[in-house]
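Trainee: I've just opened this one and I'm not sure how to read it. Could you walk me through it, feature by feature?

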Amino acid sequence: MSAMPAMLRRRAGFLGKMALEVAYRCLDGRTDIAAVFCSRHGEVSRAVDLLGELAQGEPMSPTGFGLAVHNASAGLFSIARTDRANHMALSAGAATVEHGVVEACGLLADGAPMVLLVVYDCALPAALAHFEDCDEQPHAWAWLMTAPGAHAISLACDAADATTPASTRPGGLDVLHFQLSGAASLVRQAGVQRWTWTRDV
């Protein structure tokens, strides 16, 4: 992340630094590219710290609050690059990656020539650990998405059923493994939804 000004780089936490690193590497100097930042949990550790301070009667830091919101990494990325391209941050539970891809495809359908998709997450803080439903691991990756070509990846959704067990891996790592392994398909259950990734060959 040496391309980011040091003052802004220092404001990013561990999770944000991972997201920003892969975003910078993926764009490789390109500008005016729409971006979708996807994280199921986001900067929840910062939020928990802020709540702890409030519970102790301490004033909330405006800077701390600004870095705890879900679009903190996307905002730092835009500010550091002085890039006014459309960017958004989203969270959609266990299907966050899939909804990020749907959002990116919507931007492509609206005329964006490319869309940067950034997927990043880490484990919940100790205070919320009992809510974890998968073996969450720190990870971050990015895709530079374009309109479908000869070898596209398709994504479909229908109702989940008992034949599709929920994965023990976080969605981001499931999809990354599918992409890197060259597997023909991936089926993921996320709540009441079943998502099917298919590689065109």
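Mentor: Happy to. Let's begin with a helix, α5: nine of its ten residues are buried, so α5 is largely enclosed by the rest of the structure. Keep in mind that this is a predicted model.

Trainee: Which residues of α5 are the buried ones?

Mentor: They are Ala72, Ser73, Ala74, Gly75, Leu76, Phe77, Ser78, Ala80 and Arg81. Take serine 78 as a worked case: the cut-off for buried is under 20% relative accessible area, and serine 78 counts as buried because its relative accessibility is 16%. Leaving out residues up to four places away in sequence, serine 78 touches Asp83 and His87.

Trainee: How do I read the way two helices pack? Say, at what angle do α2 and α5 cross?

Mentor: Look at the helix axes and the angle between them. Helix α2 covers residues 14-27 and helix α5 covers residues 72-81; their axes come within 10 Å and cross at roughly 45°. The two helices are therefore oblique to each other, and their crossing is right-handed.

Trainee: And which residues make that contact?

Mentor: From α2 come Gly16, Ala19, Leu20, Ala23, Tyr24 and Leu27, and from α5 come Ser73, Leu76, Phe77, Ala80 and Arg81. By character, eight of the contact residues are nonpolar, two are polar and one is charged.

Trainee: The numbers on each helix seem to jump by three or four. Why do residues three or four places apart point the same way?

Mentor: An α-helix has 3.6 residues a turn, so residues spaced three or four places apart point the same way. You can follow that spacing with Gly16, Ala19 and Ala23 on α2, which are among the contact residues.

Trainee: What about backbone angles? What sign does phi have in most residues?

Mentor: Most residues other than glycine have a negative phi. That makes the positive ones handy things to look for. Threonine 82, just after α5, has a positive phi of about 45°, although threonine 82 is not a glycine. Threonine 82 sits in the loop between α5 and β2 and counts as exposed, at 69% relative accessibility.

Trainee: Where else could I look for a positive phi?

Mentor: Try aspartate 28, another non-glycine residue, with phi near 50°. Aspartate 28 belongs to the loop between α2 and β1, and at 62% relative accessibility aspartate 28 counts as exposed. For a glycine case, see glycine 182: it follows α7 and has a positive phi near 80°.

Trainee: Since you mention α7, what do its buried residues pack against?

Mentor: The buried residues of α7 are Gly171, Gly172, Leu173, Asp174, Val175 and Phe178. They pack against α6, β3, β4, β5, β6 and β7.

Trainee: Let's pick a strand, then. Is tryptophan 141 buried or exposed?

Mentor: Tryptophan 141, in strand β4, is buried, with a relative accessible area of 6%. Beyond its neighbours within four places in sequence, tryptophan 141 contacts Val22, Val97, Leu117, Val118, Val119, Gly172, Val175 and Leu176. Its side chain also reaches the backbone oxygen of glycine 172 at 2.9 Å.

Trainee: What does the side chain of histidine 139 reach?

Mentor: The backbone oxygen of glutamine 137, at 2.7 Å. Histidine 139 is in strand β4 too, and it is buried, with a relative accessible area of 7%. Not counting residues up to four places away in sequence, histidine 139 touches Met18, Val119, Tyr120, Asp121, Pro170, Gly172 and Leu173.

Trainee: Last one: how should I read distance along the chain against distance in space?

Mentor: Compare the two numbers for a pair of residues. Threonine 198 and phenylalanine 178 are 20 residues apart in sequence, and their C-alpha atoms are 9.5 Å apart. Phe178 is also among the residues in contact with threonine 198. Threonine 198 lies in strand β7 and is partly exposed, with a relative accessible area of 30%. Now take tryptophan 141 and alanine 127: they are 14 residues apart along the chain, with 26 Å between their C-alpha atoms. Finally, alanine 129 and threonine 31 are 98 residues apart in sequence and 38 Å apart in space, C-alpha to C-alpha. Alanine 129 is in the loop between β3 and β4.

Methods. Residues numbered from 1 in each chain as written. Predicted model: local features only at pLDDT ≥ 70, side-chain atom pairs only at ≥ 80, totals over all residues. Heavy atoms only, no water. Axes fitted to C-alpha atoms, helices over the stretch in contact; angles between N-to-C directions. Helix = DSSP H or I, 4+ residues; strand = E, 2+ residues; numbered from the N terminus. Parallel < 35°, antiparallel > 145°, perpendicular 65-115°, else oblique. Left-handed = near helix turned anticlockwise from the far one by under 90°. Contact = heavy atoms within 4.5 Å. Nonpolar A, V, L, I, M, F, W, Y, C, P; charged D, E, K, R; others polar. Buried < 20%, exposed > 50% of the residue type's maximum accessible area, 1.4 Å probe, protein only. Polar contact = N/O pair within 3.5 Å; in protein donor to acceptor, adjacent residues only side chain to side chain.
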